[in-house]
Structure formats: structure tokens, C-alpha cells
Amino acid sequence: MPHVVTEPCSGCKNTVCVTVCPVNCFHEDKRMLVIDPDECIDCGACVPECPTKAILPAIRVPPKWKYFIALNAENSKTLPLITAQRKPLK
Ligand code: SF4
Ligand code: SF4
């Protein structure tokens with residue numbers, strides 16, 4: 001099961017997470033990042049880096065955020081890749 005970016009990421013864009021991902025699987029829109037489940041190797045390196053605890057293994061995503069699993073999979077197909085840290089939104 002891949003890792004998934006969930007609700008607390010919205011409006012963060014701290015993006016430190018992308019600096020530790022060995023396979024460049026983060027993509028971004030204006031408000032948040034998503035993980036491409038086909039690229040994620042489930043290494044878990046991004047989890048402790050995320051200040052909002054937004055990244056979870058898919059199997060541990062709580063029911064209220066389950067829709068983020070499909071959202072990450074769908075949106076990562078079309079959103080641009082992000083591989084370098086940028087200025088946070090907040
Ligand atoms: S560090 Fe966490 S909250 Fe910030 S952009 Fe990355 S996944 Fe989102
Ligand atoms: S779990 Fe590993 S491979 Fe997956 S997004 Fe995080 S750092 Fe990248």
C-alpha cells in the first residue's frame with residue numbers, strides 16, 4: 001500500500017517532504033501535494049518530515065479521509081511533479 005497525503009497538508013506547502021523522497025513521487029496543485037501511488041515505494045521517509053502529520057500509509061488513513069486515497073491516485077496523474085522544496089504558504 002502506498003503512502004497518501006491527507007487533509008492537514010491543505011494550505012501548507014512546507015514541501016520538506018519532497019526533499020527526502022527517493023523516487024520523486026510528489027505532485028502539487030495550488031493548495032497541497034499528492035503522492036503517486038504507482039511510484040511510491042512505501043519507504044516511509046517522508047512521514048517524520050511532515051510537520052502537519054499529513055502523510056499516512058494508505059492502510060492507516062482514517063475513514064473521514066479515505067477519499068484522499070483516490071484523490072492522490074487521480075490527481076498525481078495530471079498535476080506537475082515537485083522535486084525541490086519551495087516557500088511555504090504558511
Ligand atoms: S510537509 Fe506535509 S503538509 Fe507540508 S507539503 Fe509536505 S505533505 Fe504537505
Ligand atoms: S513513502 Fe517514501 S517513496 Fe513514498 S512518498 Fe514517502 S518518501 Fe516517497
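In what order do strands (β) and helices (α) follow one another along the protein chain? The pattern, read along the sequence, is β-β-β-β-α. The chain has 4 strands and 1 helix. This is a predicted model.

## Overall build

The radius of gyration of the protein chain is 11 Å. The globule rule gives 12 Å for 90 residues, so the chain is as compact as a globular protein of that length. Along its principal axes, the C-alpha trace spans about 30 × 25 × 25 Å.

Of the 90 residues, 29% are buried. Now take the contacts between residues at least 6 apart in sequence. In that group, 79% join residues at least 24 apart.

## The nonpolar core

The largest nonpolar core holds 19 residues. Which residues have the most contacts inside this core? They are V5, C17, F26, L33 and I35. Two elements give two or more residues to the core: strand 1 (3–5) and strand 3 (33–35). Strand 3 gives the most, with 3 residues.

Start with V5. This residue sits in strand 1. Is V5 buried or exposed? The cut-off for a buried residue is 20 or more other C-beta atoms within 10 Å. V5 has 28 such atoms, so V5 is buried.

V5 also has partners from other parts of the sequence. Leaving out residues up to four places away, V5 touches M32, L33, V34 and I35. The list goes on with A54, I55, F68 and N72. K53 is 48 residues from V5 along the chain, yet their C-alpha atoms are separated by 9.0 Å.

L33 is another of the core residues with the most contacts. What does L33 touch, beyond its neighbours within four places in sequence? The contacts are V5, C9, T15, C17, F26, H27, E28 and I82. V5 and L33 thus appear in each other's contact lists.

## The loop between strands 1 and 2

T15 and N24 both lie in the loop between strand 1 and strand 2 (26–28). Most residues other than glycine have a negative phi. T15 has a positive phi, near 60°. N24 has a positive phi too, near 50°.

Their surroundings can be read from the neighbour counts. T15 has 21 other C-beta atoms within 10 Å, so T15 is buried. N24 has 12 C-beta neighbours inside 10 Å, so N24 counts as exposed. T15 is one of the contacts of L33, while N24 is touched by L81.

## Three partly exposed residues

A residue counts as partly exposed when its neighbour number falls between the limits of 12 or fewer for exposed and 20 or more for buried. L81, V47 and L56 are examples. The table gives the place of each residue, its C-beta neighbours within 10 Å, and one C-alpha to C-alpha distance.

| Residue | Place | C-beta neighbours within 10 Å | C-alpha distance |
|---|---|---|---|
| L81 | segment after helix 1 (67–75) | 13 atoms | 9.6 Å to I35 |
| V47 | loop between strand 3 and strand 4 (55–57) | 15 atoms | 15 Å to D36 |
| L56 | strand 4 | 19 atoms | 16 Å to C12 |

The gaps in sequence help here. L81 and I35 are 46 residues apart along the chain. L56 and C12 are 44 residues apart. V47 and D36 are 11 residues apart.

Contacts add to the picture. Not counting residues up to four places away in sequence, L81 touches N24 and H27. H27 is also in contact with L33. With the same kind of neighbours left aside, L56 is in contact with H3, V4, T6 and V61.

## The two ligands

Which residues are closest to ligand 1? They are C9, C12, N14, C17 and C50, out of 15 residues that surround ligand 1. This shell divides into 11 nonpolar, 3 polar and 1 charged residues. C17 is also among the core residues with the most contacts.

Ligand 2 has 13 residues around it. The closest are H3, C21, C40, C43 and C46. By class, this shell has 10 nonpolar, 2 polar and 1 charged residues. H3 has appeared before, as one of the contacts of L56.

How values were computed. Residues numbered from 1 in each chain as written. Chains lettered and ligands numbered in written order. Predicted model: local features only at pLDDT ≥ 70, side-chain atom pairs only at ≥ 80, totals over all residues. Near = placed C-beta within 6 Å. Nonpolar A, V, L, I, M, F, W, Y, C, P; charged D, E, K, R; others polar. Core = buried A, V, L, I, M, F, W, Y, C linked by C-beta atoms within 7 Å. Contact = placed C-beta atoms within 7 Å. Rg over C-alpha atoms; globule rule 2.2 N^0.38 Å.
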